[in-house]
Amino acid sequence: MAIHIERGNIVEVARGPRKRRMVPGSALLDGLAVVWTHWRESFRMNRDFSDIHGTFTQEYPDEQPKLPEAYRNMPILLYDDASGHELCTSCFQCARICPPQVIHMTQAKDPVTGKPVPAVAEFIIEYDACMSCGFCAEVCPFDAIKMDHNFELSTVDHPGLTVHKQELLRPISYYQRIAPTFWAEAEAGAMKKLQGNVKRRPDVIGLAPQLTEMLAARRRELAEQAAAAPPAPAAPAAAPAGEARKLTPEEKAAKLAAIKAKNAGAKGEAPPAAATPPATEGMSPAEAKAAKLAAIRAKNATKETAPAPPAAAAAPSTEGMSPAEAKAAKLAAIRAKNAAKNAAEGSAPPAETAAPTAEAAAPAAETAPLDAKAAKLAAIRAKNAAKKAAEGGGEG
Amino acid sequence: MARLSAAELRERLRNDLPAALVEPAPLNLKAAPAHGAQAAGFITTDAVVAPERLVAAALYLRDTLGYAYLSDIAVVDYLADGLFELGYRFYHVEGGPSLVIKTRVPRETPEVPSLTPVWPGANFHEREAFDLYGIIFTGHPFLRRIYLWDEFEGFPMRKDFPKQGDKYIGADE
Amino acid sequence: MLKTEELQINIGPQHPSTHGVFRMLVTVDGETVIDLKPVFGYLHRNHEQLAEQNTYLQNMPYTDRLDYFNSMANNQAYAMAVEKLAGIEVPERAEYIRVLMVELTRILNHAGALGFLINDMGMWQTQLAFGMREREKILDLFESASGARLMCNYFRFGGVARDLPPDFLPRLKDLLRAMPAFVDEMERLLCENDILMQRSEGVGILPRDLALAYSVTGPVLRGSGVAYDIRKAEPYSIYDRFDFDVPVGTVGDVYDRFLVRVEEMRQSKRIIEQILEQLPDAQGGHINPKARQNVRPPVGDVYARIESPKGELGFYLVSDGSTKPYRYKVRAPSFINLTPLGDMCRGYRVADMVVILGSIDIVMGEVDR
């Protein structure tokens, strides 16, 4: 039965007479020739990878092996050198993909509101069961988990291989050293995402726990901020700045509802008191509460309206924004201007009383946000306040 | 190269071994509810033969069609349908794609005639199927557990084998 | 004539020449093997059951642990099965990289396997050390590409984990320049060596028809004179683009299997050289499909097989439409190649038995699963 093979032949391995020299000792001499070659070659220095002969000994503990960038041993977590913030946001992607299921984490919660924060409270990897497959590093959308090159992991006891967050955290500079090109590819995206997440982390949440100095500094800073805040007049202005971090979808929806109700009221279609209650229907208690809070705030804002300045404050902050953000900010500014105009038409006197608040709001917009996103948020807030003021003015 | 498709094989079997071929019912392979919509019924395209005619069909493949090389015997436990499906995979020594004949046995009485007496290569495949699924191959010369120890109770690859607990320690401890 | 008595002895499970925890229950009459029953399962971990609990991608690192010598080949077989089931296209460049890795795997497997075989024959350590030295160089390349030496976990559905690092191809070219010297030296040292000839010629003969009936695969089948190589018989991936020969033996003894493996290393090198020529022109595409974390193939079953260095490695998958396989079956070459061990050893000496086992080239991780 002839087997047909394309692009190649069937070759029978040669075991014929060529193999049958049978001179006594010939194989021995052949073997010795090979040994001689190797012995001679062993004096040659090993120039490059192609050198089949030569010395290969690596004096290990004194001389650390050169590991390729892709080398993966055990996963580690990264934190930013400059700000001390961890890159992990506890999105649970790595815990889900992990084949032996050795990654465990809990999400951090805001101590005041109890809302989840994009930071990790505790992170545990069981190194003893980890199979070093590298999936966690591959799926991490924030480049927070990476594979380490350190292979000297022996411990004196078994629990030593259950590694907690504090032992897992390494600075980005460490990873940059072991895998420079990999980090260069990931850096821009990772840092941008980190900036966004840091904004949503209150208190000292998300700071690497071993950076005690940085933690202390941050605590001092927070305390100073709290002390520096003027007690009564600046309170409403400070509130939006503080709120910037914990704005949840429900709150947003509630505020939107309140604003709509006010708008309707301003147009004179229905009295605001009548318009607001239906909006709260069908909301959860928390949402209703937030809606009420928003309504009260809006009313307060009418007492000290700031129609024009927010627009002015929002304008300079467009510097350093991405085009999309700048656009959004501009839009917000325009809206704020419109709202201010409306308010001015409705009632002139409140605009004068609003002057101090406007001054208070402007520094808040300058100091609190470090980047464009926060500035945008501040602009929106200012716009909202202005709108409320206008509505309140129209009403009054 | 021998290239016989599954449909052609069914046609051949229908002509030459009319008693062997059975019409396969669609399988109700149920996806776990956590994974969303229910999977549709699974209809195999391979030839399904009656278990008692399995040896005849396999020998027909080997002697008449020349598919002399038994590559694999794969058991699948279709718990929802109450049956085991055994897929016998044959290859022609001149190359080409495989021919599969499948046979289905009820889960309560999983008995299939053994191929080992005529096909020594089936030996370990069948012992593996017995070990993990509890399929009884009648006529097998040495049907013993191949991976697990002889005292092991139960068949671990069956879908209803408990995945939690240790039956040697018991539930109390 | 001296009256002899039959005796049953255990070789293994913990015996240095059984290639892992493998037990042979041998009935001997003096030094002659009357009967042999392989006993295994000491490394059994119900790999297939484990795989049914995992998603498709999560199984990829577990396939590394089947035949821990050839993780790349295992990855390829599994990736091919899932791709066939889910209908995923693989970019051309990724296919070239895959075949490159698997052919390197074949070289390193044979370099190691021949070393162990020679070791079993009593030529202690020398050839094993030479083989391992070659293997190390290839493992270094694997490490730079995949991040690990043995448990590579390099293949993904529709591509590979990452593209080759920039220094990979130059290093590979260096390696290929040095490779013939190694094979030639091995041939010179061993192929006409008296010890090897006496220990392997005419030992453990597996005739052609018996080899087919036992459905052995890989170098064992080809050593018995059957030119059955899946790369030729049912070309998968891009193997139809390469010229290479299929070496076959004539007698079917240990010596033939040895020579077939030596020749296969040469042929693998030939394939790699052709890959290096064609790789720059290959269509790039998105070779690193990070997005395919949750493959959800349609309901159906599929069998995909490759010519692993040890033989036919196949994965049979049944999907129920969820993210986890309903059935996952491995057709392991080492496992099936053990079937004729009893017949191959019958009538030979106890010392030959060890050599015959070595010539099959088993890895217990794959046998026991």
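Contact here means heavy atoms within 4.5 Å, and this is the sense in which the word is used for the chain pair in the first view of this predicted model.

**Figure 1. The contact between chain C and chain B takes residues from both chains.** Chain C contributes 46 residues to the contact and chain B contributes 47 residues. The size of an interface is often given as the accessible area lost when the parts come together. Between chain C and chain B the buried area is about 3,900 Å², with 60% of this area coming from carbon and sulfur atoms.

**Figure 2. Salt bridges and polar contacts join chain C and chain B.** The count of salt bridges between chain C and chain B is 5. In a salt bridge between side chains, Lys159(B) meets Glu52(C) with an N to O distance of 3.1 Å. Across the interface of chain C and chain B there are 19 residue pairs in polar contact, where both residues are at pLDDT 80 or more. On the side of chain C that touches chain B, the residues divide into 18 that are nonpolar, 12 that are polar and 16 that are charged.

**Figure 3. Tyr88(B) is a member of the largest nonpolar core.** This core has 186 residues, and the members that touch the most other members are Tyr88(B), Ile101(B) and Tyr154(C). Helix H4 of chain C, spanning residues 92-121, supplies the largest share of the core, namely 15 residues. Leaving aside residues up to four places away in sequence, Tyr88(B) touches a set of residues of chain B that includes Leu54(B), Leu70(B), Ile73(B), Leu99(B), Val100(B), Ile101(B), Val112(B), Leu115(B) and Phe137(B). Also among the residues touched by Tyr88(B) are Asp72(B), Thr103(B) and Glu126(B). Apart from the largest core lies another core, of 40 residues, among them Cys136(A), Ala137(A), Tyr174(A) and Ala179(A).

**Figure 4. A salt bridge between Glu92(C) and Arg241(C) links distant parts of chain C.** Over all chains the count comes to 50 salt bridges, and in the one shown here the closest N and O atoms of Glu92(C) and Arg241(C) are 2.7 Å apart. Glu92(C) belongs to helix H4 of chain C, whereas Arg241(C) sits in the loop between helix H10 (230-233) and strand S6 (246-248) of chain C, with 149 residues separating the pair. Glu92(C) counts as partly exposed because its relative accessibility is 24%, and Arg241(C) likewise counts as partly exposed because its relative accessibility is 30%.

**Figure 5. Glu312(C) forms salt bridges with Arg305(C) and with Arg331(C).** For Arg305(C) and Glu312(C) the closest N and O atoms are 3.3 Å apart, and both of these residues are buried. For Arg331(C) and Glu312(C) the closest N and O atoms are 3.9 Å apart. Arg331(C) lies in strand S9 (residues 325-331) of chain C and Glu312(C) in strand S8 (residues 311-319) of chain C, so this salt bridge ties together parts that are 19 residues apart in sequence. Arg331(C) counts as buried because its relative accessibility is 1%, and Glu312(C) is buried with a relative accessible area of 0%. Elsewhere, salt bridges that share partners join Glu103(C), Arg106(C), Arg222(C), Asp229(C), Arg231(C), Glu264(C) and Glu307(C) into one network.

**Figure 6. Chain A contains both helices and strands.** There are 16 helices and 7 strands in this chain, and 40% of the 396 residues of chain A count as buried. Among contacts in chain A with a separation of 6 or more, 74% are accounted for by residues 24 or more positions apart.

Methods: Residues are numbered from 1 along each chain as its sequence is written. Chains are lettered from A and ligands numbered from 1 in the order in which they are written. This is a predicted model: local features need pLDDT of at least 70, side-chain atom pairs count only at pLDDT 80 or more; totals for chains, interfaces and linings use all residues. Side-chain values use heavy atoms; hydrogens and water are left out. A nonpolar core is a set of buried Ala, Val, Leu, Ile, Met, Phe, Trp, Tyr and Cys residues joined through side-chain atoms within 4.5 Å. Buried means under 20% relative accessible area, exposed over 50%, partly exposed in between (1.4 Å probe, protein chains only). Helices (H or I, at least four residues) and strands (E, at least two) are DSSP runs, numbered from the N terminus. Buried area is the accessible area (1.4 Å probe) that two parts lose on being put together, summed over both. A salt bridge is a side-chain nitrogen of Lys or Arg within 4 Å of a carboxyl oxygen of Asp or Glu. A polar contact is a pair of N or O atoms within 3.5 Å; within protein, one must be able to donate a hydrogen and the other to accept it, and residues adjacent in sequence count only if both atoms are side-chain atoms. Ala, Val, Leu, Ile, Met, Phe, Trp, Tyr, Cys and Pro count as nonpolar, Asp, Glu, Lys and Arg as charged, and the others, Gly among them, as polar.
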